[in-house]
Amino acid sequence: MNNYFLKALNQENEAPYIPVWLLRQAGRYMPEYREVRSQYKDFFEMIKKPEICKELTLQPLNAFDLDAAITFTDILTIPDALGLKVNFVKGKGPIFEKSLSSMDKLDLNTNEFHDKIQYVYSATSLIKENVNVPLIGFTGSPWTLFVYMFYGQSPKDFKSIQSYISENSRDAETYLQILTDCCIEYAKRQVQHGADCIQIFDSWAGILENNYVDFSLKYVNQIYEALNGEVPLILYNRGKLLSTFIHESSFKAYSINSSDQIENYIDEDITIQGNLNPDFFKKNEEEIKLKVHEIFTKFKDRKNYIFNVGEGLTPDLDPEKIKIFLKTLRSLNSQ
């Protein structure tokens, strides 16, 4: 198996080889994905089929030379399995049948949690059997899942949730602890079924400011402590600079935003990935190749660097531009 990605996660990549994977490397920018997606009315109907998840996970590996696979699923599998039915509505995104913004209390059914989410574990096993690179499992952070549970959809403003956690901090902490316990077991079972590392997506970290540690970081730290020693863990915080919380974090690997700078952290005792704005792939071929050379020259001798983008790949990107980038990087890696 190609282990450059795992070596870099452990700060042990001695080769002049930059491992690479991409946030949302499987998905809407690929014609192959859109063809499969068109066969399903509902997104959740599609991802609850392990064979389809395997196919979607393998699509970018077949198209590009990547150093890791990431299981094709969604962070909202957890609230859906807890009894908060989630529907994906075209043009609106995820819509919950129940939410805290419309109800005084949410009953989270943990009794059948693993049975209802078994399709992710089955997909993980199936994918693992069909890849020769490390497999990344993932979960949303407890805070990010709580944000969706509160609004019942992607939030449009953040005032009401700020008011809620201020006025109902104990209730919020109760929900967050339930979600944390579920995330820990969910991640552990992904590892048992073949995941070589776990990435935690704190996609709504940016909502929190001075209270970030209390309502998010302390819970993802629990996940780290529960799995530390089993597999490497990566924390991705959208909307926050790593410098604002790194000293209170347990993690040893981070995926950082496009607004942050790799150079600020590459000398720390951690692994860093991310940072490049995916819009860069809209530039012309010459600019793309120049950027690859710049990145390779800067990071080829680093034991703790993984190339990635700072946000997920978007549907308006041309896969051919991504292929140019990766082929150029591979040509340098092989020298």
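**Exercise 1: two backbone outliers**

Asparagine 275 is found in strand 8, where helices (H or I, at least four residues) and strands (E, at least two) are DSSP runs numbered from the N terminus. The model is predicted, so local features need pLDDT of at least 70 and side-chain atom pairs pLDDT 80 or more, while totals for chains, interfaces and linings use all residues. Residues are numbered from 1 along each chain as its sequence is written, and side-chain values use heavy atoms, with hydrogens and water left out.

Task: describe the phi of asparagine 275 and of arginine 24, then say whether each residue is buried or exposed.

Solution.
- Step 1. Recall the background: most residues other than glycine have a negative phi.
- Step 2. Asparagine 275 has a positive phi of about 85° although it is not a glycine. Arginine 24, also a non-glycine residue, has a positive phi of about 55°.
- Step 3. Place the second residue: arginine 24 is in the loop between helix 1 (4–9) and helix 2.
- Step 4. Apply the accessibility classes (buried under 20% relative accessible area, exposed over 50%, partly exposed in between; 1.4 Å probe, protein chains only). Asparagine 275 counts as buried because its relative accessibility is 17%, and arginine 24 is exposed because its relative accessible area is 53%.

**Exercise 2: the pockets**

Task: find the volume of the largest pocket and of the second largest pocket, and name the element that gives the most to each lining.

Solution.
- Step 1. Set the rules. On a 1 Å grid over the protein atoms alone, a pocket is an open set of points with protein on both sides within 12 Å along at least five of seven lines, a cavity is a set where a 1.4 Å probe fits but cannot get out, and lining residues have an atom within 4 Å of a point. Points are joined across faces, edges and corners, and a volume is the space filled by probe spheres set on them.
- Step 2. For the largest pocket, the volume is about 1,400 Å³. Its lining has 39 residues, and Arg24, Arg28, Phe43, Asp74 and Phe88 lie nearest its centre.
- Step 3. Helix 2 (31–37), strand 2 (86–89) and strand 3 (93–96) are the elements giving two or more residues to this lining. Helix 2 gives the most, with three residues.
- Step 4. Sort the lining by class (nonpolar: Ala, Val, Leu, Ile, Met, Phe, Trp, Tyr, Cys and Pro; charged: Asp, Glu, Lys and Arg; polar: the others, Gly among them). The largest pocket shows 19 nonpolar, ten polar and ten charged residues.
- Step 5. The second largest pocket has about 190 Å³ and 13 lining residues, with Glu263, Asn275, Lys291, Ile295 and Phe299 nearest its centre.
- Step 6. Strand 8 (271–276), helix 12 (285–299) and strand 9 (305–309) each supply at least two residues of the second lining, and helix 12 gives the most, with five. By class, there are six nonpolar, three polar and four charged residues.

**Exercise 3: the cavity**

Task: how many cavities of 30 Å³ or more are there, and which residues line the largest cavity?

Solution.
- Step 1. The count comes to one cavity of 30 Å³ or more, and the largest cavity holds about 40 Å³ of space.
- Step 2. Its lining is formed by Leu235, Asn237, Lys240, Leu241, Leu242, Phe245, Tyr254, Ser255, Ile256, Asn257 and Asp260.
- Step 3. Strand 6 (233–237) and strand 7 (253–256) are the elements that give two or more residues to that lining; strand 7 gives the most, with three.
- Step 4. The lining of the largest cavity divides into six nonpolar, three polar and two charged residues.

**Exercise 4: cysteines and a charge over a ring**

Task: work out how many disulfides there are, then find which ring arginine 238 lies over.

Solution.
- Step 1. With a disulfide taken as a pair of cysteine sulfur atoms within 2.5 Å, the count comes to zero.
- Step 2. Cysteine 182 is in no disulfide, and its nearest cysteine sulfur, that of cysteine 183, is 7.1 Å away.
- Step 3. Cysteine 182 counts as buried because its relative accessibility is 7%, and cysteine 183 because its value is 0%.
- Step 4. For the charge, NZ of Lys or CZ of Arg must be within 6 Å of the ring centre and within 35 degrees of the ring normal. Arginine 238 lies over the face of tryptophan 204, 4.8 Å from the ring centre. Lysine 7 has its charged end over the ring of tyrosine 4, at 5.9 Å from the centre.
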